[in-house]
Amino acid sequence: MSIWEYANPKKFMQTSSWVLPWVTGLAVLTLLVGLVWGFFFTPDDFRQGSTVKIIYIHVPSAMMAINCWAMMLVTSLIWLVRRHHVSVLAAKAAAPIGMTMTLIALFTGAIWGQPMWGTWWAWDPRLTSFLILFLFYLGYIALWEAVEDPDTAADLTSVLCLVGSVFALLSRYAVLFWNQGLHQGASLSLDKEEHVADVFAWPLWVTMAGFVLLFVALVLLRTRTEIRARRLRALEARERMA
Amino acid sequence: MLALLLRDLRLATRAGGGFGLSLAFFLIVTVLVPFGVGPEGGTLARIAPGILWVGALLSCLLSLDRIFALDREDGSLDLLATAPIPLEGVVAVKAAAHWLTTGLPLTLAAPVLGVLLNLPEAAFSWLTLSLMLGTPALSMIGSFGAALTVGLKRGGLLLSLLVLPLYIPTLIFGAEAAKRGAEGLAAGTPLLMLAGITLGAVAILPFAAAAAIRVNLR
């Protein structure tokens, strides 16, 4: 078992068709449990009231928005180094999901910010870096759409992803320098003291796991779609030749 | 490589090269701003460093697609790719030529336009210095974007979409340095960061851009 076996689309399709229903089922289950637990079985916060429950969408989507880019970085690297076709298709499939997660984080953040901070939007470093991340996703997807030849597009977007990662990180720290923040620092941690009370934290961990599973399921599904679309194109090309 | 630099400079400055275009654009953007925000000297003075930086950045963007597109159309990019000099060097030289014909004139024009925007006296030297340090990064990042989109028919709009997010750190540190200079604060830190970005871009991006050109010429 190594990831190089899955460079063969046939092998990938076999395995993913077996894995996909399980991941989807688990994602639905954990999301249902986490969200229902979070929304209906936790008390209202003594200061924030029921708006605190936005956390169960906001935090997991923000986490996935960043991790999705990290995943695209790794898969792009694998493509550039080893010409692993499924890898780059997974990056292509993940980009719109990551962009959606970024948007969800931005919108839920705005909805949460309005009652808490009294404003929908502030040029806070965290908010700004997410907006910038959104722009990076936009550029990456636009480049995929613009280039016709699939291998050329894969190479160009991978290079863009590598360079973009450097600049996205740079922007992340540049905006810290540029403006003071309204947003709190990290509240959850695996090893440090947490700033979220246990009643809220447990369902949050569950929804976070749910978002990870949902992301994996969506990426698998979209990668399968990309592979099928590519097969279809090959078939059409063969038809025309004949 | 020197011959290539001279050739690019000559192409840019002679008729049809669009040498004055970005300068004229810079002028127009600066003239438009007071119409948009009102002519009060205080407001203008406060936003002048930022406006001049954004204006310089946009004018720089305007001429980016010329870096490789014309050479690709007439086939000289293929010749350059097979020439005995490394493609990375070609990219660096082309970025340098772009800077000499865009970034440097913009830097020199910025203080003059600063007069129009009521730029505080203390800011002139800082603005010029920050533009001098920052515009090479703009040219270098821009040629990376141009290399990515060189194979596309109408890549201009996509080029701006790709390049503008990459410009954000440069803009932040550049405008911050100019602003701090205007307010009489210490502007050393953002200037150093700006210089760091420029050096990093010059060191790394020629390789990325050359890789993109190789893909596009395949």
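Start by selecting B:Gly151. Leaving out residues up to four places away in sequence, B:Gly151 touches A:Thr152 and B:Asn216. Keep in mind throughout that this is a predicted model.

**Stop 1: around B:Gly151**

Colour chain B by helix. B:Gly151 sits in the loop between α7 and α8 of chain B. Is this glycine buried or exposed? Count the neighbours: 23 other C-beta atoms lie within 10 Å. The cut-off for buried is 20 or more, so B:Gly151 is buried. Now add B:Glu73 to the selection. B:Glu73 and B:Gly151 are 78 residues apart along the chain, yet their C-alpha atoms are separated by 9.7 Å.

**Stop 2: where the chains meet**

Select the residues of chain B that are in contact with chain A. There are 20 of them, facing 22 residues of chain A. Which elements of chain B give two or more residues to this side? They are α7 (123-148), α8 and α9 (188-217). Highlight α8(B): with ten residues, α8(B) gives the most to the side that touches chain A. Colour that side of chain B by residue class. It divides into 16 nonpolar, two polar and two charged residues.

**Stop 3: the largest nonpolar core**

Next, show the largest nonpolar core, which has 128 residues. Pick out B:Ile141, B:Ala147 and B:Ala212, the members that touch the most others. Helix α8 of chain B, residues 156-183, gives the most to this core, with 14 residues. Nonpolar side chains tend to be buried together in soluble globular proteins.

Centre on B:Ala212. Set aside its neighbours within four places in sequence. The contacts of B:Ala212 are then A:Leu156 and A:Val159 in chain A, with B:Ala147 and B:Leu148 in chain B.

Apart from the largest core lies another, of five residues. Its members include A:Val52, A:Ile55, A:Ile57 and A:Leu204.

**Stop 4: a helix pair in chain B**

Hide chain A for a moment. Select residues 19-37 and 41-62 of chain B, which are helices α2 and α3. Their axes are 9 Å apart, and the packing angle is about 145 degrees. Turn the view to see how α2(B) passes α3(B): the crossing is right-handed. Show side chains at the contact. From α2(B), look for residues including B:Phe25, B:Phe26, B:Val29 and B:Val33. From α3(B), look for residues including B:Ile51, B:Leu52, B:Gly55 and B:Ala56. How many residues of this contact are nonpolar, polar and charged? The split is 14 nonpolar, five polar and no charged.

**Stop 5: chain B as a whole**

Zoom out to chain B. The chain has nine helices and zero strands. The C-alpha atoms fill a box of roughly 55 × 35 × 30 Å along the principal axes. The radius of gyration of chain B is 18 Å; a compact globule of 218 residues would have one near 17 Å, so the two agree. Buried residues make up 51% of chain B. Of its contacts with a separation of 6 or more, 81% join residues 24 or more positions apart.

**Stop 6: chain A as a whole**

Finish by bringing chain A back. Chain A has six helices and zero strands. Its C-alpha trace spans about 70 × 40 × 30 Å along the principal axes. Of the 242 residues in chain A, 38% are buried. Residues 24 or more positions apart account for 78% of the chain A contacts with a separation of 6 or more.

Notes:
Residues are numbered from 1 along each chain as its sequence is written. Chains are lettered from A and ligands numbered from 1 in the order in which they are written. This is a predicted model: local features need pLDDT of at least 70, side-chain atom pairs count only at pLDDT 80 or more; totals for chains, interfaces and linings use all residues. Axes are lines fitted to C-alpha atoms, for helices over the stretch in contact, and angles run from 0 to 180 degrees between N-to-C directions. Helices (H or I, at least four residues) and strands (E, at least two) are DSSP runs, numbered from the N terminus. A crossing is left-handed if the near helix is turned anticlockwise from the far one by less than a right angle, and right-handed if clockwise. Two residues are in contact if their C-beta atoms, placed from the backbone, lie within 7 Å. Ala, Val, Leu, Ile, Met, Phe, Trp, Tyr, Cys and Pro count as nonpolar, Asp, Glu, Lys and Arg as charged, and the others, Gly among them, as polar. A residue is buried if 20 or more other C-beta atoms lie within 10 Å of its own, exposed if 12 or fewer, and partly exposed in between; C-beta atoms are placed from the backbone. A nonpolar core is a set of buried Ala, Val, Leu, Ile, Met, Phe, Trp, Tyr and Cys residues joined through C-beta atoms within 7 Å. The radius of gyration is taken over C-alpha atoms; the globule rule is 2.2 Å times the number of residues to the power 0.38.
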